[in-house]
Amino acid sequence: MLCIFHICGVIWDFQQFQVDYQEMKVRMSRVGLRNLLQGLSFSVRYYFKHNHLETICLYSKVKPKKCHILDCSGSTCTHRTVPPGSILPWRSFSCKQEGTKIPSKRKENTSITTPELLYENLLKSEQENWNDISARYNAMTERIKEKLEELHKYTFNSGSPRMRFGENVYFEDNGCIFLSKADDVDEGNVDILFSTEDLGFSDAFIQRIRISPDQRYMAISLKSENSEEATCVIMKLGHFPVMEKVIPNVFSFEWATNDVLYYTSQKNLKCQNVFMTTFTNQKYTKLVYTEQDARFFVDIYCTKDRRFLTINSNSKTTSEVWLVDCRHPFKLPALVQARTKGVIYHIEHRNDELYILTTYGEPAEYKLMKAPVASSGVENWQLVYALEEKTKIVDLEMFSDHCILFLKNAGHLYLTVISFVSHSVQSIKLPTWACEFELESHPEHTTSTCYFQLTSPVHPPKRFAYSFKENNLIEQAVQEVPIITKCHTTRLLAKSKDETLVPITVFHNMNSKELHRKPLLVHVYGAYGIDLNMSFKEEKLMLIEEGWILAYCHVRGGGELGLSWHKDGCQHNKLKGLHDLKACIMLLHELGFSQPKYTALVAASAGGALAGALCNTDPELIRAMVLQAPFVDVLNTMMQTHLPLTIEEQEEWGNPLADEKCMEYIKSYCPYQNIKTQCYPSVFITAYENDQRIPLTGVLRYVQKLRKAALDHTKRTSKKGNWIPNIILDIQANGSHCDSSWENSLNEVARHLAFLNKELEEACHLHHHTKSCN
């Protein structure tokens, strides 16, 4: 997978099993082309089985860790603990951060009112409020959890992702890393190489694995759910594996040779330094590269043939790559092409030529180009393949004789296979039900088969293989989910305010009657060029089974129709995303998909800006809204340059400090700034005490102001039976920016669905007894 990094302000790691860590401008580790293509939302969904390896794990005291996602690419494996499925794109959450942790509680001084004291009082008040009202959802929450856990047993894959090196197979399960011979792996004859529990990392999960070319060393990154920073542990393998070195605050790392490791350090959500450390007789560590521009984020990637390490420095709109020759790892990195404003590029290598995925040239969409290693400047770049208009490239994989592009066009998925031998290009349309694909690990670039998975929000992953020799696509056998649900997939186009056609993907049970009476759950994101995450989640399948309609609105600001789709919805175009969302919901109602009183809206992180804005401008379109770590205080946050991500986020939201017009524009849609006394839908917000990306203070201010406006409206229009919206804030002590453990995420999803069910039930009850406040 080609490395594409921080371009959308999101640094995606390995995604979610169902939770989908699709938003987060979060920088997670392994950047795949998908990272960059999804605005840096990376997704490599590998699904582990729910069970534990009780028969082969030598460390019986290891705590069960459910749902892990492992990224195995080249000589690598990356994974993270994943929940049953959070309501929204997880790995694509926006990235706003408070510079300091939440203040610890202190003795109150009633004679002095400080910002810290006000903050603590607000936090305490919201926690007490949640404790008072949470009981009303407990029974339904437990029932939903039971359903999801039961469904999870059948939808979770029966095996862990595996990495094969010759006769050896490496895999991870339950916090342990195992080694087996290829012929013995299914027999349970394995050696344990690493255990988080036994080496003192019981509170961490394994995020990423890199094995040295000669398999003498293994580098592992460990991360806790309450921290953005990871720790890299280097193990010396052998009959008795030993811990060789521990490096704190590491983001990405790759082996240049058998005993030379390159890595990036992370501080305050920024990665700007690259180091080299050796494990030769003369061990030492030295600084190799430093990025001076605060808008840029640095990561490392190894080309598929292991010829080069690439040092990738990316902002959201511009990138620059330096090459480290793995044959001469101590030489200074060589520049491929100096950064040019507005030009993004990423590098792969084959036969002494660089293959460059870039936005250079017209149109300003991605295209595949190539250039000799010895003369890699842009003046020598030659076009290999250009995408069709409004086509989104999701991923790219380079093989010795072929290159495969994973593409989206008009909501459909395609494979484009480029043969370097026959100089031919073949396009293959994938099944119409598929909405996402995830590339599997291919350590050997000479392999003759490419494996990947297809999925949708309501279709568990199915494994496919494309054979270069046979030139055909093969569907692998999979275990069927024991749920009888005939789900219909519909793709619509809504006409926005400026006549632009906006795609919508709709799912509903084919057996459902009177769709206008069914509950509708609308999803939106629209930022950083990231697509709405449409990978499988158990709760979505459960909702379809219970008669819900699911709608995914691919509004501008996201990346569904390419780079221009993102550009047309960022900075001074943010309102277009709001207009798109309104048009989508109105079209759904016009076509008979539910109606306002049965409609709910869900969004996470940066998606909260659009959802919150719609809540202000057109509250009558929805009955309830669920927000997860929402970015609702846009203006105040973008004016706080001391926050580590504010400067780099200016390419997405604008710079209100330097541009008065920009300030007024942000103020025109910012959810917090536009709250007014009117009838609002009920709102449930989940926020995290340890969230370093979305300032909790902004969420607290938003909730207080929204609740007051809703209550003021109720008082002014007091009538018998008048509906009072519930404005609820659930502050989680554990987890960080939509990044929770499996158990915590399961609880969050169940609470969200319990809230939505309660609200829509009340709407149905009110319909028969009184008119709504609208």
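Two strands count as a pair if DSSP finds at least two bridges between them. Keep that in mind while looking around this predicted model, because strand 26 and strand 27 make a good place to start, with four bridges joining them.

**A pair of strands**

Strand 26 covers residues 436-439, and strand 27 covers residues 449-456. The two run antiparallel. Take leucine 439: its bridge partner in strand 27 is phenylalanine 452. Is strand 26 covered or open on its two faces? Both faces are covered, with Glu436 and Glu438 buried on one side and Phe437 and Leu439 buried on the other.

**Two threonines in strands**

Now for a couple of threonines, set side by side here.

| Residue | Strand | Relative accessibility |
|---|---|---|
| Threonine 391 | Strand 22 (residues 391-398) | 6%, buried |
| Threonine 686 | Strand 36 (residues 682-688) | 0%, buried |

What does threonine 391 touch, leaving out residues up to four places away in sequence? Its contacts are Leu407, Lys408, Asn409, Leu561 and Gly562. With asparagine 409, the side chain of threonine 391 makes a polar contact of 2.7 Å. A polar atom of that threonine 391 side chain also lies 3.1 Å from the backbone oxygen of glutamate 388. As for leucine 407, it is 16 residues from threonine 391 in sequence, yet their C-alpha atoms are 6.8 Å apart in space.

Threonine 686 has its own set of neighbours, again not counting residues up to four places away in sequence. Among them are Leu627, Gln628, Ala629 and Pro630, and the list also includes Asp730, Gln732, Glu748 and His752.

**A helix tucked away**

Helix 4 spans residues 538-545, and seven of its eight residues are buried, so the rest of the structure largely encloses it. Which residues of helix 4 are buried? They are Glu538, Glu539, Lys540, Leu541, Met542, Leu543 and Ile544. After helix 4 comes glycine 547, which has a positive phi, near 100 degrees.

**How far to trust it**

The protein has a mean pLDDT of 81, with 79% of its residues reaching 70 or more. Some parts fall well short of that mark, though: over residues 3-111 the pLDDT stays under 50, and the model has 572 contacts beyond four places in sequence for them. Residues 767-774 are also below 50, and that stretch has ten contacts in the model beyond near neighbours in sequence. Where pLDDT is low, the predicted coordinates shouldn't be read in detail.

Notes:
Residues are numbered from 1 along each chain as its sequence is written. This is a predicted model: local features need pLDDT of at least 70, side-chain atom pairs count only at pLDDT 80 or more; totals for chains, interfaces and linings use all residues. Side-chain values use heavy atoms; hydrogens and water are left out. Buried means under 20% relative accessible area, exposed over 50%, partly exposed in between (1.4 Å probe, protein chains only). pLDDT is the predictor's confidence in each residue, from 0 to 100. Contact means heavy atoms within 4.5 Å. A polar contact is a pair of N or O atoms within 3.5 Å; within protein, one must be able to donate a hydrogen and the other to accept it, and residues adjacent in sequence count only if both atoms are side-chain atoms.
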